[in-house]
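Me: I am new to this structure. Please take a close look at one chain and build up a picture of it, then show me what lies beside it.

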Amino acid sequence: MATKVDVIGEINKYDFRAEERYVYRARKGLDRDIVAEISAIKNEPQWMREFRLKALEIFESKPMPTWGGHIDVNFQDIYYYIKPTERQEHSWEELPEEIKKTFDRLGIPEAEKKFLAGVKAQYESEVVYGSLREDLAKRGVIFTDMDTAVREYPDLVREYFGTVIPPTDNKFAALNSAVWSGGSFIYVPPGVHVEYPLQAYFRINAAQMGQFERTLIIVDEGASCHYVEGCTAPMYSSESLHAAVVEVIAKRGARVRYTTIQNWANNIYNLVTKRAVAYRDALVEWVDGNLGSRLTMKYPAVYMVEPGARAEILSVAFASKGQHQDAGSKVIHAAPYTSSRIVSKSISKAGGRSSYRGLVKIERGAKKSKSNVVCDALILDPYSRSDTYPYIELEEQDVMIGHEASVSKIGEEQLFYLCSRGLTESEASTMIVAGFIEPLVKELPMEYAVEMNRLIALQMEGSVG
Amino acid sequence: MVLPDLKQDLHFTAEGFHTVILPRPQPEWARELRTQAFQAFQELPWPNRSMEEWRRTELRIFHLENFVCWAPTPDPLPEIPSALAPRLETAGRIVTLNGRKISSTVESDLLRKGLVIECLEDSLSGPHEELIRQHLWRLFDWRADKFSALHAAFWTGGTFIYVPRGLKVEQPILHVAALASNQADVGHTLIVVDEEAEATVVTETSSLDPGAEGLFCGGIEIFVRPGARLRYVNFQNWNQKTFHFARQKAEVAERAFMEWTLGALGGRLAKVNQELVLNGPESEAIVNGVMFAEDRQHLAYHTRQDHRTGQTKSDLLYKGALQDHAHLVWRGMIRVEPGALRSDGYQRNDNLMLSDTARVDCIPGLEILADDVRCTHGATAGRVDEEEIFYAQTRGLTRREATRLVVTGFFQQVLDRITIDSVRDALGDIIQQRVREYRSRE
Amino acid sequence: MIAETKEKPPHMNPETLSVIDLHVSVDGKPILKGVNLTIRRGEIHALMGPNGSGKTTLGLAIMGHPRYQVTQGRIELDGEDITQLEPHERARRGLFMAFQRPVAIPGVRLADFLRHAVSNIRNPNRKEGEELIPMREFRKELREKMEMLRMDPEFARRYVNDGFSGGEMKRAEILQMALLRPKFAILDETDSGLDVDAVRLASQSIAEIGARQMGLLIITHHERLLEHNPPDYTHVMLAGRIVETGGPELAEKLHREGYDQLREKYPEIAAEEAAMAGKEAV
C-alpha cells in the first residue's frame, strides 16, 4: 500500500515532506463506497455510518459557493482517507521514525516538554500521538481524538456531534461530515479549569490528500479551557484540500478559547467551518492566524443564544504571492445583553489578496446587545489587494453597534523613523508589520507567539516596504 | 407629432414598445439602442432574492402590469406640489410630469451664454445631438438588470442640462419631477458640466396624490468635465406608495469636484444604485445621504466610490433613521483600481433606530488594489442615547422634545455638509416634520 | 446649627432644597445610604469626599437620572416632593446641575439647544410646539452672557459639548446656568481638568452670574473654586453618607489633611468604603 514520492529538500522548516508510508490508503475519489469503507475501517456504529452517507447526499446536492475565493478542486482526484500507523501511540518513542522526524522538525515534543496539558498530533487522516496530563484525566477532562471518542464516549458524542454545524450548513461542512477522520474531542466537566492549553497539530504529508478533521469541544457549566491548533503541510505540485469542521459548545458560565495558527503550504485549499454556541454568561474566544494555504475561507462564528453570552474574535491574515485569505467572523446575537468584539488585521503582499468577510446579526429581542468590529489592513506593494465585506443586520433598536475598517500602506514616517535609527527598509517593514499584528500575537501562548513572529519574518523576507 | 391611435392602457410589453415607444421621432442610433435594450429587457430575469444585490429587497409587492408605458399629458395641467420651488432663487427650472417636460425656463443672460435646460428626448435631434450621443448611456449599464433594460427601452421625455465650458452658474437649477396617480416616470437625466464650468442642480421628486401608487424607473448620468464643479442634490420625496428604481452615476474628471447629496424620504420601495467614478488626478467628491424611513417603507441604497486613477478623494456620509416597521439597506463599496495611488476614500454610515420593529442592514465594503492609499469606513447603529436625552431633560426639555432634538442633530451632521443653504434648510425642515414621537423606552 | 435645619419640617421652608434620608442604588448596587441635606436659597454648600463616596450620585439623583433609583427617602423642593418627577420637570422648577463630563449631542448647535431650554424654563407651562422665545431677544441675551464669560460668540454655533476641551465644557455649563437662572444649582467638579487660571475664571464666573441669589451645592476638590464662592457649610461624604458638616474651615482642613483622619474617626464606614471599592475592582 505504501507509495513513494521524491523528496526535494527543505525550503523552510515546514516545507519538507517525509516519505509517504501508509498502513492503508483508500482509493482516490468520492462515492458511497468510499464513505462506507472509511466508516467500516473505523469500525463505527450504525448511526455514524448513516450520518456520513446522508451527508454525502447533501454534499452532492449543494452547489459550489459563488462568493469568496476561486475554488478549483476536482473532488474525484483526492485521497479521502490515509492511515499512517496501525494504532495511536501514547509515548513519543513508539512512533515510526518518519513521523517522529516530521514532528521533531515541527517542534511538537518541545511543546510538550513545556508542560502543556496535552498534545494530539494528526498526520494525514489519523491521530498518531496523544498524551494528556494525568491530573487532568483524573478530574474528568477528556482530550482524545474524535475516532476514539466515537468508540469510547458514544453518548456524549452522539448528543452533540453535528448539532452546532449540521451537514446542511454548507457544501464543505457536508463533505467533512461524510469523510471526516481524526480531529480532537474535548470535554471539560462542570467547574473544571484547564490551566494549560490543550494542543493539536495537523499535518498533510501526502500529495492530493484531503484532510477532514472533525473537532468537538464541550465545556460544561462554569468550566474553562484553551485549545490550540497548528497546521502545516509541505508543498506539492498538486492541490490538496483541508475541510475541517469545528464545533464548540460553551455552557453557562463557561470560557473557551480556540487558537489556530494556520500555515498550510501554498497549494492547500483551506475551507473550514468553525462555530461555537455560547450559553448564559459564557465567553467564547476565537484567535485565528492565517498565514498559509492557497485559499482560506474561514469565518469563525459565535451564536450567543442566552443572555450575557460574549464573543471575542481576533484574527490575523497574511496573504502573499498566490494566496487569497478570505477570512472573517460571524457573531449572531440571539439573546439580550450579549456582546461581541471583533478585531481583524490583514496584510497583503506580492500579489496576495486578503479579504475580511464578516457578519454581525442582532436578532429581534436581543436588547442591550453590543458589538464592535475593527478591521485594519496593510497593503505592502502595488500588486496586492485588500477587501472588506462586513455585513451588519439589525432587527433590534436597543443596541450599540460599531464598525470601523481602514486600509493603508506602511506609513512613510514610521519607516523613516526606524531607518533613521539604523534599520534597513526591509527590517523596518518587518518590525512595523510585527507591531501591526501585536494584538493577536500577545494573546498566543509563548511558543506560538515566537513561532508566529518567525513565520511573519519569513513571509516578509525579501519584501521592500 | 402624430400619435398612433392609442388603445387603452399600453403596458411595458412588446405591444406597448412597438406601438408607442419605437415609432416616436428619434434619430436612428437612438432607435437602434432602444431595440437592443428592449431585447435585453425581454431576456433578463426578474431580480429575485437569490441575487446578492436583491437579497434584502422583497419585490413581490411590485406589479409592473399595474403601470402603463405611456399616457398623454393631462390638459389642463395640474398644479405641481414642490417643497423646494418656493424656497429657491434659481437660474433656471424644468418641471416634468410623468417624466415628460411640461415647462422650462432659463434666465435670459445664461441662455445667451449657452446654458441648456431642456427635455432630453426633444434634444436628441437638435443642435446638441452630437454631444448627447457622445455621453448618453456611457455611464448607464442597461444590461445590469431588468429594470435598467426597461428604462433604456421605454424611456421618454427626460431632462438634459448642459453647462458650457467656463460658465459659472451661481444659482441652482431646479428640476421638479412630478408623478400623477398610478403613472410611471421612466425619464432619463443627462447632466454635462463642461470644462471649468460650475453649477448647482437640484432634483426634487413629488407625487401629485399622496395616496396613489406610482412607478419611477429612471437613470441619471452626470459628467463633471476637467476642472468643473457641480453640486447636485437628488431629493427623493415621493409619496409612500411609489416604487422607485433608480441608477445614478457620475464621472468626475481631473481637477473636477462634485458634491452629491441624496435625500431618501419617500417611496414604498426604493432601490437605488448611486455610483461615483473618480476618473482623473485631483478629482474629488463629497457624497451625502439622508435616509428617513417609516411605516412599511423599504429603502435600499447601494453606493459605490470608484477610484480609477491616483490622487483622487472621496468622502461619503450616509445617515439613516427609521421608525415603525421600516427597513433600511445601505450597501457601500470603495474600489481602488490597480495603480490608483494616493487615493483617499472614506465612507461612513450611521443609523438611528427609533422603534423596536424597524430593521437595518448596513454593509460597508472596501476593495483595494493599490498600496499607497488611505481608505477607511465606519458604521454604527443603535437607538437614541439615553444620556443625551437626560442631559437635555435637565435643561427643561421634555423627553419628546429631547428625542426630537437628538434625532434632528443626528441628521444635522450630514446636512451641514451641504453647502447650498436653501437646500440644506429645506431638507432640515422636512426631516424635522417627519421625526415624530420616539416611542421606545419600554 | 445643622441639627436645627434638620428639625425644621421641610414644607415650612419655601425656597429650600431638601434631601431626606435618601437611599440610591445604581444597577441594584446601593450607593447612597441615607443622605440628609438642606440648602436654602442664598446659601453655598461645599460637598467633599474621596472618589466613589457618592457625591456625583447625589447630584444625579437630585436631577432625576433614570439609572439612579431612589430606594428610600425623598427629595423636596420648596416643600414639594419631587422624587418622582421627570428630569425636565425638576429643571422647570428651578433645579440645575453643571455636569462634570457633560455628554455631547452631535449635530445640535449650542445656541439652538439653549433657546429651546430657555423657552421651557422661563415658561414652565409651555406646551410642545409652542413658539420659542423670539430669536432676536434670545441672541441678544446669549451674546451678553457670553461676553460676560469672555466666550467667543462663534462658540454658540458649535454642537453641544461635541469636541469641547475640558475648559470649554465647563464654561458652556456655566453659560447655561447663567441663562437658565435656576433657584438651586449643583456644580459637579466644575474645577476638574482645568488649569489654575481656568479654575479662577470659572470661580469668578460663578460669582458673577449671580450665584449668590441661588442655593449652591458645589462638589469640589479644589479650594480655589470656593475662593470666590466661600461656602456657608461644608459637608463630607464617606461611603454614601454625610459624615461631617462644618463651616468653611472644614473645607480648608480637608484640603490640608485629606480624608485619612476621617476614616480613622469612622472606622466602620471606612471599612464599608473599602469593601465597596473592592467590589468595584472585581
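Reply: Start with burial. In this predicted model, 57% of the 442 residues in chain B are buried. Contacts tell more about chain B. Take those with a separation of 6 or more: 83% of them link residues 24 or more positions apart.

Next, the secondary structure. Chain B holds nine helices and 21 strands. Its radius of gyration is 21 Å, close to the 22 Å that the globule rule gives for 442 residues, so chain B is as compact as a globular protein of that length. Along the principal axes, its C-alpha atoms fill a box of roughly 70 × 50 × 45 Å.

Now the neighbour. Chain B uses 23 residues to contact 24 residues of chain C. On the chain C side, the elements giving two or more residues are α3 (87-92), β7 (105-109), α4 (110-122) and α6 (166-180). The largest share, five residues, comes from α4(C). By class, that side of chain C has 15 nonpolar, six polar and three charged residues.

Chain C also has an open sheet of four strands. Its order is β2-β1-β4-β5, with antiparallel pairing. At the edges stand β2 (29-40) and β5 (80-81) of chain C. Each has a single partner strand, so one side of each is left without a neighbour in the sheet. Further in, β1 (residues 16-26) and β4 (residues 68-77) of chain C run antiparallel, joined by eight bridges. There, S18(C) stands opposite E76(C) in β4(C).

Note on methods: Residues are numbered from 1 along each chain as its sequence is written. Chains are lettered from A and ligands numbered from 1 in the order in which they are written. This is a predicted model: local features need pLDDT of at least 70, side-chain atom pairs count only at pLDDT 80 or more; totals for chains, interfaces and linings use all residues. Two residues are in contact if their C-beta atoms, placed from the backbone, lie within 7 Å. Ala, Val, Leu, Ile, Met, Phe, Trp, Tyr, Cys and Pro count as nonpolar, Asp, Glu, Lys and Arg as charged, and the others, Gly among them, as polar. The radius of gyration is taken over C-alpha atoms; the globule rule is 2.2 Å times the number of residues to the power 0.38. A residue is buried if 20 or more other C-beta atoms lie within 10 Å of its own, exposed if 12 or fewer, and partly exposed in between; C-beta atoms are placed from the backbone. Two strands pair if DSSP finds at least two bridges between them.
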